[in-house]
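Open your viewer, switch to a cartoon view and keep the selection tool handy. We will go from stop to stop, choosing what to select and looking at what is there.

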Amino acid sequence: MDRLGRGAHPTGLIVPGVTEVPKQNPRGLTVDRALPTTPPLFASVDDVVTKLAETGYLANKATATSVFLADRLGKPLLIEGPAGVGKTELARAVAQTAGAELVRLQCYEGVDEARALYEWNHAKQILRIQSSTTGSAGWDETKLDVFSEEFLLARPLLQAIRREDPTVLLIDETDKADVEIEGLLLEVLSDFAVTIPELGTITAVRRPFTVLTSNATRELSEALKRRCLFLHLDFPDADLERKILASRVPELPEAIAEQLVRVVRVMRAMQLKKLPSVAETIDWGRTLLALGMDTLDDDAVRATLGVVLKHQSDQDKAAAELRLN
C-alpha cells in the first residue's frame with residue numbers, strides 16, 4: 001500500500017489498459033515509467049509567441065520560453081502571480097492553439113481525492129448488489145462486477161491521464177487547496193500514473209500539457225515545486241497592456257486606450273484591497289465603448305469606477321487620490 005492508502009490489485013489480475021505497479025531496480029530506486037513520445041506543440045519560442053497571439057494572448061519572451069520548455073521537457077508549468085494577470089487564460093490559449101481538450105481542476109479549501117481523482121458510483125453499486133441478490137450471481141462475482149469500469153466516476157486528474165488525444169490539464173488556484181492534496185499531486189505529476197486498488201495502476205498513454213496556477217496566498221511545498229517549471233506572471237507593463245487592450249477591444253480609440261491604461265496603472269500603485277486586473281482593464285474599455293464615451297474625464301471615471309474596483313473602500317480611496325470632483 002502506498003502513502004496515499006492505495007494498494008495493489010486485490011486479485012493480482014492484469015486488467016486491460018492497466019499497467020502493473022513499477023518495479024524497483026537493484027539499488028531500491030523506483031524506475032521511471034517511460035511514456036510514449038508526445039509530438040511537441042511548438043517548434044520554437046517564437047512559434048509560441050506567434051500561435052498564442054493568434055488566440056488573442058500576447059505573451060512576452062519569458063512566458064513564451066516557459067511554455068516552450070514545459071512542452072519540450074514534458075514538465076508541469078507552475079504559474080504564480082496576483083489574480084487577474086492571465087494565468088488561467090494562458091492555459092486556455094495553449095489548449096486552443098494546440099487543438100487540445102482543456103481539463104480543469106478548480107481547487108478550493110476542502111477539495112479531496114474524490115473530487116480531484118476518482119470515486120465510485122455508490123448508488124449504482126447498491127442497485128447492482130440488490131439486483132444480484134435475486135439472481136444466480138454469487139458474492140465473489142458481484143464484488144468484481146461493482147468495482148469495474150462501469151461504476152468508476154473519473155474526475156479531472158484521472159480524465160486527463162486517460163485521454164489519448166492532446167490534452168491541457170489545468171490545476172487552477174492550487175494554493176487554495178489543503179496541504180494534504182499536494183501529496184496526491186506529487187504522485188500524479190511525478191509519473192502521470194494513478195493507482196486504483198480495485199483496478200491496478202493506470203498510466204498515461206499521452207502526457208498532458210500541465211499548468212498549475214497559484215495566487216501565492218500560501219507557499220506550496222518544495223517537493224511540488226521541484227516537479228515543475230516555474231513562471232512568475234505580474235501585471236504587464238504599459239506598452240504590453242495597450243497591445244492587449246487593442247487586441248481585445250480593437251474598436252476603442254487609441255487615445256482613450258492610453259488614458260485608460262495610465263489610470264489603471266495609477267490605481268495599481270494604490271493600497272487597495274483588490275488591484276484592477278487585466279480582465280478588468282478590458283471590461284473598462286468595453287464599458288466606455290458601450291456608453292459611447294469619447295474621453296476618460298473625471299465624470300467618466302466616477303460613473304464607471306465599479307467596473308474596475310469592486311470594493312467601496314477602494315472606490316473611495318481611488319476617487320480621493322485621483323482627485324475626482
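Two strands count as paired if DSSP finds at least two bridges between them. Keep that in mind for the first stop, and remember throughout that this is a predicted model.

**Stop 1: the open sheet**

Select residues 101-106, which are strand E2, and then residues 167-172, which are strand E5. These two strands run parallel and are joined by 6 bridges. For one of these partnerships, click on Val103: its bridge partner in E5 is Leu169.

Now widen the selection to the whole sheet. In what order do its strands lie? Reading across, you meet E2-E5-E8-E1-E9, an open sheet of 5 strands with parallel pairing. E2 and strand E9 (229-232) stand at the edges with a single partner strand each, so one side of each has no neighbour in the sheet. Look along the sheet to see its twist: on average, neighbouring strands are turned by 20° against each other, direction ignored.

Next, add helix H2, residues 61-73, which packs on this sheet. H2 touches strand E1 (77-80), strand E8 (209-214) and E9. The direction of H2 makes about 165° with that of E9.

**Stop 2: a hairpin**

Move to strand E6, residues 193-196, and strand E7, residues 200-203. They form a hairpin, with 3 residues between them. Here the strands run antiparallel, joined by 4 bridges. Show Ile196 and you will find it opposite Gly200 in E7.

Are the faces of E6 covered or open? Both are covered: Ala193 and Thr195 are buried on one side, and Val194 and Ile196 are buried on the other.

**Stop 3: two packed helices**

Select helix H11 (residues 254-268) and helix H12 (residues 278-290). Their axes are 11 Å apart and the helices pack at an angle of about 140°. Angles over 145 degrees would count as roughly antiparallel, so H11 and H12 are oblique to each other. The crossing of H11 past H12 is right-handed.

Turn on side chains to see the contact. From H11 come Ile256, Leu260, Val263, Val264, Met267 and Arg268, which meet Val278, Thr281, Trp284, Gly285 and Leu288 of H12. Sorted by class, this contact has 8 nonpolar, 2 polar and 1 charged residues.

**Last stop: the whole protein**

Zoom out to take in 14 helices and 9 strands. Of the 325 residues in the protein, 43% are buried. Among contacts between residues at least 6 apart in sequence, 75% join residues at least 24 apart.

Conventions. Residues are numbered from 1 along each chain as its sequence is written. This is a predicted model: local features need pLDDT of at least 70, side-chain atom pairs count only at pLDDT 80 or more; totals for chains, interfaces and linings use all residues. Side-chain values use heavy atoms; hydrogens and water are left out. Axes are lines fitted to C-alpha atoms, for helices over the stretch in contact, and angles run from 0 to 180 degrees between N-to-C directions. Angles under 35 degrees count as roughly parallel, over 145 as roughly antiparallel, 65 to 115 as roughly perpendicular and the rest as oblique. A crossing is left-handed if the near helix is turned anticlockwise from the far one by less than a right angle, and right-handed if clockwise. Contact means heavy atoms within 4.5 Å. Ala, Val, Leu, Ile, Met, Phe, Trp, Tyr, Cys and Pro count as nonpolar, Asp, Glu, Lys and Arg as charged, and the others, Gly among them, as polar. Buried means under 20% relative accessible area, exposed over 50%, partly exposed in between (1.4 Å probe, protein chains only).
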